[in-house]
Amino acid sequence: MNYDDFRELKTYDIHKANILLGSASYDLGCSCGSGTNKAPKMLKELSRYLPPFDANFHNLERVKIYDFCDISNQNQEEDFYEALETQASKMLAYDKFMLFFGGDHSVSVPLEKAFYKKYHELGFTPVIIHIDAHMDILDEYMGSKMSHACPNRRALENGYQASDIHMVGIRSYEKGEVEFKQKNPLLHVVTADLFRELGAKEVVKQIQDKHDDKAVYYISFDIDAIDPGFAPGTGTPESFGLTPLEMRAFFEEVFTNLNVKAMDLVEISPLLDVNNITSWLGLKLLYEIFYQKFVRGNK
Ligand SMILES: [Mn+2]
């Protein structure tokens with residue numbers, strides 16, 4: 001018998017789900033090194049081999065994933081991003097955890113926009129934690145405002161305040177980004193080096209201290225935040241990145257201390273990978289998150 005995607009964690013009853021999964025199979029926002037449109041399919045295929053446990057014996061079967069949609073490349077860019085925002089709004093209306101597989105990082109733009117609209121209207125403060133080697137804050141890159149180098153700039157236009165965007169793992173800069181950061185000092189940047197100096201607990205505490213209990217968090221996780229030695233399958237690999245263990249420790253702090261409502265995992269390119277280790281790492285980190293968010297303290 002072949003296993004289904006996510007094996008024991010999969011449900012076909014949306015009301016039993018605690019996670020709604022969307023796929024944004026898109027890579028036209030990439031500058032160099034494409035193939036991220038193949039990631040959702042690869043992640044789901046590999047998940048068929050993953051037993052329902054984290055790394056420490058914890059059973060994850062209370063986690064139920066409902067596969068909501070797969071939006072793929074279409075001919076016109078606007079149509080794709082609009083379709084994505086529409087689907088995200090529908091998913092968020094269920095008040096469950098929204099998880100999206102990208103895709104290049106441009107897919108976060110409509111997802112974060114839908115997230116902002118929903119929670120701002122309800123009186124919450126939507127906050128982004130952008131985990132990445134790059135700040136992604138250029139107004140445009142190679143002629144495109146929807147490049148994967150621009151999502152945080154679009155987020156600022158879509159309602160987010162500079163003080164509500166936290167960037168973690170940063171270590172590579174375009175000149176325009178450095179200038180923009182200097183003009184917008186409220187943007188919170190934790191470089192990969194600063195992360196190592198402070199540790200996961202202190203980084204999350206600093207994020208938490210900037211907000212009150214009305215904050216709801218969107219986690220945008222670019223796999224290139226992790227060092228390319230561990231995560232080579234990505235289009236813009238950057239040396240001196242975080243280790244998988246540092247990332248896991250960060251997620252443990254994030255998901256046990258902050259009210260996280262949505263997350264994306266972007267920039268994995270199966271075409272550039274080695275033995276699928278980058279996809280595997282993304283999946284394994286998600287399973288650790290599943291424990292922290294849905295099982296721990298909920299026994
Ligand atoms: Mn990046």
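This tour moves through a predicted model, one selection at a time.

**Before the opening strand**

Begin by selecting Arg-7, which sits in the segment before S1. Its phi is near 40°, a positive value in a residue other than glycine. Arg-7 counts as partly exposed, because 16 C-beta neighbours lie inside 10 Å.

**Helix H1**

Next, select helix H1, residues 39-47, and colour its buried residues, which are Ala-39, Pro-40, Met-42, Leu-43, Lys-44 and Ser-47. To see what these residues pack against, add strand S1 (19-25), strand S2 (65-72), strand S3 (97-102) and helix H9 (277-295) to the display.

**From the cis peptide to Val-109**

Now go to Gly-102 and Gly-103, which are joined by a cis peptide bond with an omega of about 15°. Gly-103 belongs to the loop between S3 and H3.

Continue to helix H3, residues 108-121, and select Val-109 within this helix. Is Val-109 buried or exposed? Val-109 is buried, since 26 other C-beta atoms lie within 10 Å and the threshold for a buried residue is 20 or more. Leaving aside residues up to four places away in sequence, Val-109 touches Tyr-81, Met-146, Pro-151 and Arg-154. For a sense of scale, draw a distance from Val-109 to His-134, a pair separated by 25 residues in sequence and by 15 Å in space, C-alpha to C-alpha.

**Met-142**

Select Met-142 in the loop between S4 and helix H4 (151-157). Although Met-142 is not a glycine, its phi is positive, at about 50°. Met-142 is exposed, because the other C-beta atoms within 10 Å number 9.

**Helices H7 and H8**

Show helix H7 (residues 200-209) together with helix H8 (residues 244-257), and look along the place where their axes come within 9 Å and cross at roughly 35°. The crossing in which H7 passes H8 is right-handed. On the H7 side, the contact is made by Ala-200, Lys-201, Val-203, Val-204 and Gln-208, while H8 contributes Glu-246, Ala-249, Phe-250, Glu-253, Val-254 and Asn-257. Coloured by residue class, the residues of this contact of H7 with H8 divide into 6 nonpolar, 2 polar and 3 charged.

Keep H8 on screen by itself for a moment: this helix has 14 residues and reaches 20 Å from its first C-alpha to its last, close to the 20 Å expected at 1.5 Å a residue. The buried residues of H8 are Glu-246, Met-247, Phe-250, Phe-251, Val-254 and Phe-255. These residues lie on the same side of H8, because they cover an arc of only 150° around the axis. Bring back the surroundings to see the elements against which the buried residues of H8 pack, namely strand S4 (125-131), helix H6 (192-198), H7, strand S7 (215-222), strand S8 (260-266) and H9.

**Ile-226**

Finish at Ile-226, in the loop between S7 and H8. Ile-226 is buried, because 28 other C-beta atoms lie within 10 Å. Which residues does Ile-226 touch, not counting residues up to four places away in sequence? Select Ala-231, Gly-241, Leu-242, Pro-244, Met-247 and Leu-281 to display them; Met-247 has already appeared among the buried residues of H8. As a last distance, join Ile-226 to Tyr-3, from which Ile-226 is 223 residues apart in sequence and 30 Å apart in space, C-alpha to C-alpha.

Conventions
Residues are numbered from 1 along each chain as its sequence is written. This is a predicted model: local features need pLDDT of at least 70, side-chain atom pairs count only at pLDDT 80 or more; totals for chains, interfaces and linings use all residues. Helices (H or I, at least four residues) and strands (E, at least two) are DSSP runs, numbered from the N terminus. A residue is buried if 20 or more other C-beta atoms lie within 10 Å of its own, exposed if 12 or fewer, and partly exposed in between; C-beta atoms are placed from the backbone. Two residues are in contact if their C-beta atoms, placed from the backbone, lie within 7 Å. Axes are lines fitted to C-alpha atoms, for helices over the stretch in contact, and angles run from 0 to 180 degrees between N-to-C directions. A crossing is left-handed if the near helix is turned anticlockwise from the far one by less than a right angle, and right-handed if clockwise. Ala, Val, Leu, Ile, Met, Phe, Trp, Tyr, Cys and Pro count as nonpolar, Asp, Glu, Lys and Arg as charged, and the others, Gly among them, as polar. The expected span of a helix is 1.5 Å times one less than its number of residues. The arc is that of the directions from the helix axis to the C-beta atoms.
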